[in-house]
Amino acid sequence: MARANSKPQRPKLVHPAGTDLAAQCHLGRRPRNDDGYFEEMTKVIFRVGFSREVVEKKWPAFRSAFAGFAIDTVAGWGGRNLERLMDDAGLVRNERKLRAVLRNAQIFREIRAEQGSFARYLAQEAKAGEAALCRTLSKRFSFLGGRSVLYFLRSVGEEMPETLRALGF
């Protein structure tokens with residue numbers, strides 16, 4: 001019999017890929033530049049629905065295939081590069097996600113033209129609150145939404161305390 005003052009056990013929050021939310025939601029360091037933010041976003045996109053270990057093991061091939069995540073380079077890529085990426089056995093060859101990465105590079109370039117940097121853009125959007133920031137990023141970027149936007153923001157050093165509290169942390 002449970003004691004009257006004991007707290008009920010919270011169910012473990014589980015990521016669709018089978019790992020718990022706390023492991024997926026680690027607080028990372030702020031990237032040094034926009035290319036670093038682009039790389040982290042891409043990593044989050046590919047981790048969702050795949051084994052984290054598989055993506056980590058393949059990450060050096062991703063870094064090479066995407067020209068070190070140089071936004072200006074990747075933003076200019078088209079169909080030929082998509083075919084090359086789809087043929088690269090070192091990558092997770094999910095065409096929808098690969099297309100999303102190419103599109104997201106273009107969005108990063110647009111943001112840099114509008115705001116000067118992605119970090120400045122995040123700071124500006126965060127003024128409206130965490131929930132608004134998550135919605136804005138989910139609408140603007142491809143394959144970023146739901147919990148993946150939280151994973152991304154945490155991976156780039158955004159604390160997100162309101163969102164984590166709402167999820168039971």
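User: Before looking at single residues, what does the accessible surface of the protein chain come to, and how much of it belongs to carbon and sulfur atoms?

Analyst: This is a predicted model, and every value here is computed from it. The accessible surface of the protein chain comes to about 9,400 Å², with 49% of that area belonging to carbon and sulfur atoms. Seen from the side of the residues, 40% of the 169 in the protein chain count as buried.

User: Which elements make up the protein chain, and in what order do they run from the N terminus on?

Analyst: A general idea helps when reading helices: an α-helix has 3.6 residues a turn, so residues three or four places apart point the same way. In this structure the protein chain has 10 helices and 0 strands, and the elements, taken from the N terminus on, run α-α-α-α-α-α-α-α-α-α. As for how parts of the chain meet, among contacts between residues at least 6 apart in sequence, 63% join residues at least 24 apart.

User: How many residues of α9 are buried, and which are they?

Analyst: The helix α9 is mostly covered, with 8 of its 9 residues buried; these are S148, V149, L150, Y151, F152, L153, R154 and S155. Take S148, which lies in this helix, as a worked case: its relative accessibility is 8%, and because the cut-off for buried is under 20%, S148 counts as buried. Apart from its neighbours within four places in sequence, S148 is in contact with V44, V48 and F143. After α9 comes G157, whose phi is positive, near 90°.

User: Which residues other than glycine have a positive phi, and where do they lie?

Analyst: The background is that most residues other than glycine have a negative phi, and most peptide bonds are trans. Here F69, although not a glycine, has a positive phi of about 60°, and it lies in the loop between α3 (52-65) and α4. M160 also has a positive phi, near 60°, and is found in the loop between α9 and α10. As to their cover, F69 is buried with a relative accessible area of 0%, and M160 is buried with a relative accessible area of 3%.

User: How many salt bridges does the structure hold, and which side chains meet in the one at 2.5 Å?

Analyst: To read such a pair, one looks at the N to O distance, then at where the two partners sit in the chain, and then at how far each is covered. The structure holds 9 salt bridges, and in one of them the side chains of E158 and R30 meet at 2.5 Å, N to O. This pair links distant parts of the chain, 128 residues apart, with E158 in the loop between α9 (147-155) and α10 (161-166) and R30 in the loop between α1 (21-24) and α2 (34-47). The partners can also be read by accessibility: E158 is buried, with a relative accessible area of 16%, whereas R30 counts as partly exposed at 48% relative accessibility.

User: Which residue forms a salt bridge with R112, and which residues are linked in a network of salt bridges?

Analyst: R112 forms a salt bridge with D72, and the closest N and O atoms are 2.9 Å apart. These partners belong to distant parts of the chain, R112 in helix α6 (residues 95-115) and D72 in helix α4 (residues 71-75), 40 residues apart. R112 is partly exposed, with a relative accessible area of 24%.

The side chains of R140 and E114 also meet in a salt bridge, at 3.0 Å from N to O. Here too distant parts of the chain are linked, R140 being in helix α8 (residues 130-140) and E114 in helix α6, 26 residues apart. R140 is partly exposed, with a relative accessible area of 24%. Both R140 and E114 take part in a network of salt bridges that also links R103 and E110.

User: What volume does the largest pocket have, and which residues line it?

Analyst: Rolling a probe the size of a water molecule over the atoms shows where empty space is left. The largest pocket in this model has a volume of about 210 Å³, and its lining consists of R29, P31, R32, N33, G36, E39, E40 and S155. The element that gives the most to this lining is α2, with 3 residues. By character, the lining residues divide into 1 nonpolar, 3 polar and 4 charged. S155, one of the lining residues, is also among the buried residues of α9.

Notes:
Residues are numbered from 1 along each chain as its sequence is written. This is a predicted model: local features need pLDDT of at least 70, side-chain atom pairs count only at pLDDT 80 or more; totals for chains, interfaces and linings use all residues. Side-chain values use heavy atoms; hydrogens and water are left out. A salt bridge is a side-chain nitrogen of Lys or Arg within 4 Å of a carboxyl oxygen of Asp or Glu. Helices (H or I, at least four residues) and strands (E, at least two) are DSSP runs, numbered from the N terminus. Buried means under 20% relative accessible area, exposed over 50%, partly exposed in between (1.4 Å probe, protein chains only). Contact means heavy atoms within 4.5 Å. Accessible areas come from the Shrake-Rupley method with a 1.4 Å probe; for residues, only the protein chains shown count as cover. On a 1 Å grid over the protein atoms alone, a cavity is a set of points where a 1.4 Å probe fits but cannot get out, and a pocket is an open set with protein on both sides within 12 Å along at least five of seven lines; lining residues have an atom within 4 Å of a point. Grid points are joined across faces, edges and corners, and a volume is the space filled by probe spheres set on the points. Ala, Val, Leu, Ile, Met, Phe, Trp, Tyr, Cys and Pro count as nonpolar, Asp, Glu, Lys and Arg as charged, and the others, Gly among them, as polar.
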